[in-house]
Structures are given as C-alpha cells and as structure tokens.
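Student: I've got a fold to go through and would like to talk it over. Can we take it step by step?

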Amino acid sequence: MGLATGVGAAHTTGRRRALLVVLMLLAVQLVSLARPAYACGCGAMVHDPKTTLAVGRETSVVRWDGRSEQIVMSLTVNGTAPDAAWIMPVPHRATVELGDPGLFDQLAALTAPAVERRHHFWPRGGDWPFAGDGAAAEAPAPGARGPGVGVVGREHLGPFDVARLTATDPAALRNWLKANGFRLPDALATELRPYVAQRWEYVAIRLAPAAAHRPLTGTLEPLRMSFASNRLVYPMRLSRLAKTPQSLGLYVLAPHRMEPRSTLGGTEPEVFFAGRITPVGALRALGGTRPTFLTALDQTFPQPRRITGDHELVRAAQDTPFQRVTYTSALLRVGGIPAWVLTAGGTLLLLMAAALVLVPRSRRPVPLPRPVPPPLT
C-alpha cells in the first residue's frame, strides 16, 4: 500500500513538473510574439504585435545635385506579419512613386569587385596532378485635415498606400496615423519631436501583399521619393526604435565623392566603391545623362538605441576613386605546360646528362704500373 502511494505521488509530481515546463514555454513564446520589431533605417516600421517582422537589410540609392534629393529605398523583410506600415520624415514636400528594381541590379554590377589573376608555381588542390581536368583553382569570389495634421496627398502605388503629411504636433500626427490604419508605437511621438520642430514633412506608407493573409517576406518593391534639399540628408533618427541590429547600404550619386559627417552611433561606414560614372539605363532615368560621382558604403548599427540623429553626407576631401579587388589564383603555365613540370623536367634531364658524362669515366680501366726492371749489378 505504501509503495503504491509513493508511486502515485511520484507520478503526480512528474505531471506537475511537465505542466510547469509547458506553461513556461508558452509564456516565452507569447513574449516573443508580443515583442515589437519595428525597425527601418529610413523610419519606423510596425506591424500587428501578435506577429513578427524584421528588416534584415535596407538598401537605398540617394541622388543629390545640390538643390534636390531623390531616395529610392528597397527593404528585405522576413516574418509572419501579413501587413506593415512605416513613416519616413523628409525635410521638404515629397513626391512618391514606384522605383525601378533594375536600378539595384545595375548598381551592384557597377560596384562589383575588380578581378585580378595571380599565378602560383607549385600545384595546389584542383591543379594537375591533383585534379584530372587541369582546371585552375579559383578563389571564391549590397485631402483631409485633423488637429495639427495636414494631408498633402494620398495615393495607391502598387501594393503601397501612401499618405503625404504635414504636422505641427507629434501627438496629433500619431493620432491621425492610428485613426487612418497606420498602427505606430506611442514612442514614435517622442522621436518625431525634432522633425516637427524643424517643420519637416512625412511620408507614411502602409503595405499589404497581393495575396491576403500571406506573410511579408523577401525584398519589397522599391519606392522613390523626391524632395527639395540644399544638403544631402538620409533620415535615420527613427531607427532608434529598432530592437534588432540594423544594416544599411547606401549608393550615393552626387557631383563629388561623399562621406557621412559622423557614425551616428553605428560602426565606421565602409566605402566599397568610389568613382565617376556615366549614367545609363535605370541610372539615366534617375539622374540624367551627365557624369556623376558614385560613392557606395555599408554600415551596421549593432545597438540602434545609440543612433543620435540623421545621416548628413558631405563632400570628401578628395574625389579619390576606389574599387575592391578579388584575386584569383591560377597555375603558372608556359605554352600550356605547367611551369613546375618544365622546371622539374629540365632539372631531371640535366642530372641525367651529368650522370651519362660521369659514369663512363668512372668505368675506364686503371692503367697498371709499368714493371720496374731490377737494378744492374
């Protein structure tokens, strides 16, 4: 009886522990689902708190001629959210249209590393005799108005619902956005205050995929914004709201080589291309036919809360060109024959010739000493 009671108590304790573990796992999952993932170097991106959405990569093309600025923005996202919205502050009134996806492919090709071939003497993996094909080893190779809010315009562009707004009160702007289906965090009102004080305007964007209830994943269709600006600025302040590390890629087209005035709390920006180009194709549609200077840079923000403001890009001290170089290595050949084979073969022939010369000499009979006649007595 006592043994049965003990076994039953053990089973009850085991079930309680299992139930506790399940409840803890559910709690962790609910917390992860409720955690906001609004993040975007260009502004604030938000979604239903019951879903997840992360901006893994933001790539933008900025075209500036000293008086006006264009930003073509492309976001790569991943998560379970079926829709999302974000806001982009701009220093002056903006026009918005869909961008050309081919623009980014063209820039990626222009800024690709130059390939230089080097040669190695001794064979490596992939070279003959280690590979039967003799192939060289290659090295493996970015309308209505509300209190304090004015609606400049509202358009539907592809999958985007775009509202262009003015605001004199950050709280009123947040309330208008909320009332019109743009669910944005309460903390946004605080981060918008510097823009309101400077009388900036705003582009609010809401996105839903073509197929209902399908999560947003992959690279979103690019948007192109144009506005007047006497300085080259890329809005970044709202990305302080991000909860995950951010990655930013910028292609900057301007009369001269440009560089960020500061790091804004991120890593040191890395320039991976700088040079003067003549626009063709999608680039020509963006900035005309006159030659322009292209500066391409990458930057990461491991702790977005440290972002201190907006990126302002200024002219570099010199228009120094730069391009990354990828080196490939090939086996040195002479007349299609590996040089090491010719060298080794030539050395072997010389040794054999030397042996042929030396061996006969060593086999010649040694002359016997002539007998010495006995002395005369």
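Tutor: Sure. One term before we start: a residue counts as buried when its relative accessible area is under 20%. Keep in mind, too, that this is a predicted model.

Student: Okay, with that cut-off, what percentage of the residues in the protein is buried?

Tutor: The protein has 377 residues to sort. With under 20% relative accessible area as the test, the buried share comes to 40%.

Student: And what share of the exposed area do carbon and sulfur atoms supply?

Tutor: Start from the total, which is about 21,200 Å² for the protein. Of that area, carbon and sulfur atoms supply 60%.

Student: How many strands are there in the secondary structure?

Tutor: There are helices as well, six of them. Set those aside, and the strand count is 22.

Student: Let's look at strand 10. Why is it described as largely enclosed by the rest of the structure?

Tutor: Strand 10 covers residues 201-207, seven residues in total. It is largely enclosed because the number of those residues that are buried is six.

Student: Which residue of strand 10 is the bridge partner of Ile87?

Tutor: Strand 4 (residues 84-90) runs antiparallel to strand 10, joined by seven bridges. Strand 9 (residues 160-167) is also antiparallel to strand 10, again with seven bridges. Ala163 has Ala204 as its bridge partner in strand 10. For Ile87, the bridge partner there is likewise Ala204.

Student: Now the open sheet with the order 13-18-15. Which strands are its edges?

Tutor: Three strands make up this sheet, and their pairing is antiparallel. An edge strand here pairs on one side only, which fits strand 13 (232-234) and strand 15 (258-260).

Student: How much does that sheet twist, on average, from one strand to the next?

Tutor: The order to follow is 13-18-15. Going from one strand to the next, the average twist is 30 degrees.

Student: Which residue in strand 18 stands opposite Tyr234?

Tutor: Strand 18 spans residues 311-315 and is joined to strand 13 by three bridges, running antiparallel. Opposite Tyr234 you'll find His311.

Student: Last one: Glu69 is buried and has no salt bridge. Which residue's backbone nitrogen does its side chain reach?

Tutor: Glu69 belongs to strand 3 (residues 68-79). Its nearest side chain of opposite charge, Arg231, is 8.0 Å away, while a salt bridge needs the atoms within 4 Å. At 3.3 Å, though, the Glu69 side chain reaches the backbone nitrogen of Val233.

Notes. Residues are numbered from 1 along each chain as its sequence is written. This is a predicted model: local features need pLDDT of at least 70, side-chain atom pairs count only at pLDDT 80 or more; totals for chains, interfaces and linings use all residues. Side-chain values use heavy atoms; hydrogens and water are left out. Helices (H or I, at least four residues) and strands (E, at least two) are DSSP runs, numbered from the N terminus. Buried means under 20% relative accessible area, exposed over 50%, partly exposed in between (1.4 Å probe, protein chains only). Accessible areas come from the Shrake-Rupley method with a 1.4 Å probe; for residues, only the protein chains shown count as cover. Two strands pair if DSSP finds at least two bridges between them. Axes are lines fitted to C-alpha atoms, for helices over the stretch in contact, and angles run from 0 to 180 degrees between N-to-C directions. Lys and Arg count as positive and Asp and Glu as negative; His and the chain ends are not counted. A polar contact is a pair of N or O atoms within 3.5 Å; within protein, one must be able to donate a hydrogen and the other to accept it, and residues adjacent in sequence count only if both atoms are side-chain atoms.
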